[in-house]
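Work through the exercises below with the sequence and the coordinates open. Each task is followed by its solution in steps.

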Amino acid sequence: RDMNSSDDSTLIAPDYRGGDFIDVLRNASTVMQAGATVLNGLKGNVTIPKKTAASSAGWIATEGAAAAESEMTTGSVTMSSKVVGAFTDATRLLLGQSSLSIENLIRDDLAKGIAQAIDVGGLMGSGSSGQPRGIRNTSGINTSTFAAANPTWAEIVGLESDIAADNALLGNLRYICTPSEYGTMKVTSKDTGSGQFLVSPDGRVNGYDVIRSQAVTSGDFYFGNFADLLIGFFSGLDLTVDPYSLSTTGSVRIVALQNMDIAVRHPESFILANDG
């Protein structure tokens, strides 16, 4: 018979390209990319004093009359250490037979997973069950509801107007939405016959950058000054290789932990719109 690649496959050695390992596609970063303020090297619980209302002056109606009393009010923004983490078990055979540096591969994967968890926490952390409180669940942020599934030009501008009405239209102003919503805006006209779309040719919306990520809940649309989102780190990323917990099997446990918290400096700096 003629020799062929099927019947004589044992003669063909596989070309294993471990150095070209293909990583999984991950959700894009949002809050860090948007310019959140990072506080490093924190130790104890953090209290940041804050003026919550300013004093006001008034006109004196008659000569010699006294001015009216007016006092500013103060409050604080607090942060306390919360822990985000994950671990992966690698068997003895995997560690011994893999041509990849499997331990480094696992370390990298865990680190990226924690970064994504922090990112989601910044947007929608519940503030309970050990989670930090993200923008979505912070009391006092602006909210809006779009009349339909896709925003109109007037509704997009309305988000900016609401922030401006609170004197918060400054700093790292960004929109954050899902990729599908951004794609819809690229083909949605500002008005009939203008030939202009919600997304301008430079990729911006209403003059501001847009960050697209699947980390955002479908239908949610964020806008605001992300410099007023505080990301505080009480530790570096702690990576521990534990050969003892699974010693009877020879497996190794790789643990990643990070202490951090999230706080919003000015809730008025953000608005969350939803398609209802």
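**Exercise 1: the pockets**

The lining of the largest pocket has 14 residues, and Thr78, Arg133, Ile262, Ala263 and Val264 are the ones nearest its centre. The model is a predicted one: local features need pLDDT of at least 70 and side-chain atom pairs count only at pLDDT 80 or more, while totals for chains, interfaces and linings use all residues. Residues are numbered from 1 along each chain as its sequence is written, and side-chain values use heavy atoms, with hydrogens and water left out.

Task: state which elements give two or more residues to the lining of the largest pocket, and describe the second largest pocket by its lining.

Step 1. Fix the term. On a 1 Å grid over the protein atoms alone, a pocket is an open set of points with protein on both sides within 12 Å along at least five of seven lines, and lining residues have an atom within 4 Å of a point.

Step 2. Strand E3 (73-79) and strand E11 (252-264) are the elements that give two or more residues. E11 supplies the largest share, 4 residues. Helices (H or I, at least four residues) and strands (E, at least two) are DSSP runs, numbered from the N terminus.

Step 3. The volume of the largest pocket is about 240 Å³, where a volume is the space filled by probe spheres set on the grid points, joined across faces, edges and corners. Its lining divides into 5 nonpolar, 5 polar and 4 charged residues. Here Ala, Val, Leu, Ile, Met, Phe, Trp, Tyr, Cys and Pro count as nonpolar, Asp, Glu, Lys and Arg as charged, and the others, Gly among them, as polar.

Step 4. The second largest pocket holds about 200 Å³. Among its lining residues are Lys50, Lys51, Asp166, Asn167, His266 and Glu268. By class the lining has 3 nonpolar, 3 polar and 4 charged residues.

**Exercise 2: two asparagines with positive phi**

Task: is asparagine 167 buried or exposed, and is asparagine 206 buried or exposed?

Step 1. Buried means under 20% relative accessible area, exposed over 50%, and partly exposed in between (1.4 Å probe, protein chains only).

Step 2. Asparagine 167 sits in the loop between helix H3 (153-165) and E6, and its phi is near 60 degrees. Its relative accessible area is 68%, so asparagine 167 is exposed.

Step 3. Asparagine 206 belongs to the loop between H4 and E7, with a positive phi of about 55 degrees. Its relative accessibility is 19%, so asparagine 206 counts as buried.

**Exercise 3: the sheet**

Task: what is the strand order of the open sheet of 5 strands, and which are its edge strands?

Step 1. Two strands pair if DSSP finds at least two bridges between them.

Step 2. The order is E5-E12-E8-E6-E7, with mixed pairing. Strand E5 (142-145) and strand E7 (209-212) each pair on one side only, and are the edge strands.

Step 3. Strand E6 (residues 173-177) pairs with E7 in the parallel sense over 4 bridges. Within E7, aspartate 209 stands opposite arginine 174.

Step 4. Helix H4 (residues 179-186) lies across E6, E7 and strand E8 (220-225), at about 105 degrees to E6. Axes are lines fitted to C-alpha atoms, for helices over the stretch in contact (heavy atoms within 4.5 Å). Angles run from 0 to 180 degrees between N-to-C directions.

How values were computed. 1 Å grid on protein atoms, 1.4 Å probe; cavity = no way out; pocket = protein on both sides within 12 Å on 5 of 7 lines; lining within 4 Å.
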